[in-house]
Amino acid sequence: MLTLFNRRKLISTASLEEKARYHEILVQHQIKHEIIAKDLCARPAMDQARYGRYGSFGTMKPVWIYTIYVHKKDISEAAYLIGYGD
């Protein structure tokens, strides 16, 4: 199980295709990992009233960032497998 204390950030990407490719590589090599998706355009809770009143007028498109974490003992192998840090 990955926890805050035993995981390391492998990579962050905004590309859904890259995220899927990295996920597939890690699954094939049986490396446990966790993917966290974050919407960079999400409004803070305190801003919801104003946003609901005025909206974004169509200017805000969702921007997702996918961050992949692996166990700290697997970080160098995972980085090598995805081609990061050659």
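This is a short walk through the structure shown above, from its overall plan to a few single residues.

The model is a predicted one, so please read each detail as a feature of that prediction. Let us start with the overall plan. The chain has three helices and three strands, and from the N terminus on they follow the order β-α-β-α-β-α. There are 86 residues in the chain, and 28% of them count as buried. Its accessible surface comes to about 6,400 Å², with 56% of that belonging to carbon and sulfur atoms. If we take the contacts between residues at least 6 apart in sequence, 83% of them join residues at least 24 apart.

Now turn to the strands, with E3 as our guide. Strand E3 pairs with E1 in the antiparallel sense, over six bridges. One place to see this pairing is at Arg8, whose bridge partner in E3 is Val70. Strand E2, residues 33-39, also runs antiparallel to E3, and seven bridges join the two. Here you can look for Ala37, which has Tyr66 as its bridge partner in E3. With these partners, how well covered is E3? E3 is mostly covered, since six of its eight residues are buried.

Two isoleucines give a closer view of this strand. Ile68, leaving aside neighbours within four places in sequence, is in contact with ten residues that the eye can follow one by one: Arg8, Lys9, Leu10, Ile11, Lys19, Tyr22, Leu26, His33, Glu34 and Ile35. Ile65 also lies in strand E3. Is Ile65 buried or partly exposed? Ile65 counts as partly exposed because its relative accessibility is 23%, and a residue must be under 20% to be called buried. Not counting residues up to four places away in sequence, Ile65 touches Ser12, Thr13, Ala14, Ile36, Ala37, Lys38 and Leu40. Ile65 and Lys19 are 46 residues apart in sequence, yet their C-alpha atoms are 9.5 Å apart in space.

After E3 the chain passes through a loop to helix H3, and Asp74 is found in that loop. Asp74 counts as buried because its relative accessible area is 13%, and the cut-off is 20%. The side chain of Asp74 makes a polar contact with the side chain of Lys73, at 3.3 Å.

Next comes H3 itself, residues 75-82, whose buried residues are Ala78, Ala79 and Ile82. Seen down the axis of H3, these buried residues fall within an arc of 100°, so they line one face of the helix. Behind this is a simple rule: an α-helix has 3.6 residues a turn, so residues three or four places apart point the same way. On the other side of H3, Ser76 and Tyr80 are exposed. What do the buried residues of H3 pack against? Their partners are strand E1 (7-13), helix H1 (16-28) and strand E3 (64-71). Just after H3, Gly83 takes a positive phi of about 85°.

These pieces come together in the largest nonpolar core, which has 11 residues. Its members are Leu10, Ile11, Tyr22, Ile25, Leu26, Ile31, Ile68, Val70, Ala78, Ala79 and Ile82. You will recognise Ile68 from strand E3 here, along with the buried residues of H3. The elements that give two or more residues to this core are E1, H1, E3 and H3. In soluble globular proteins, nonpolar side chains tend to be buried together.

Key: Residues numbered from 1 in each chain as written. Predicted model: local features only at pLDDT ≥ 70, side-chain atom pairs only at ≥ 80, totals over all residues. Heavy atoms only, no water. Helix = DSSP H or I, 4+ residues; strand = E, 2+ residues; numbered from the N terminus. Buried < 20%, exposed > 50% of the residue type's maximum accessible area, 1.4 Å probe, protein only. Contact = heavy atoms within 4.5 Å. Areas by Shrake-Rupley, 256 points an atom, 1.4 Å probe, with all protein chains shown as cover. Arc of directions from axis to C-beta. Core = buried A, V, L, I, M, F, W, Y, C linked by side-chain atoms within 4.5 Å. Polar contact = N/O pair within 3.5 Å; in protein donor to acceptor, adjacent residues only side chain to side chain. Pairing = 2+ DSSP bridges.
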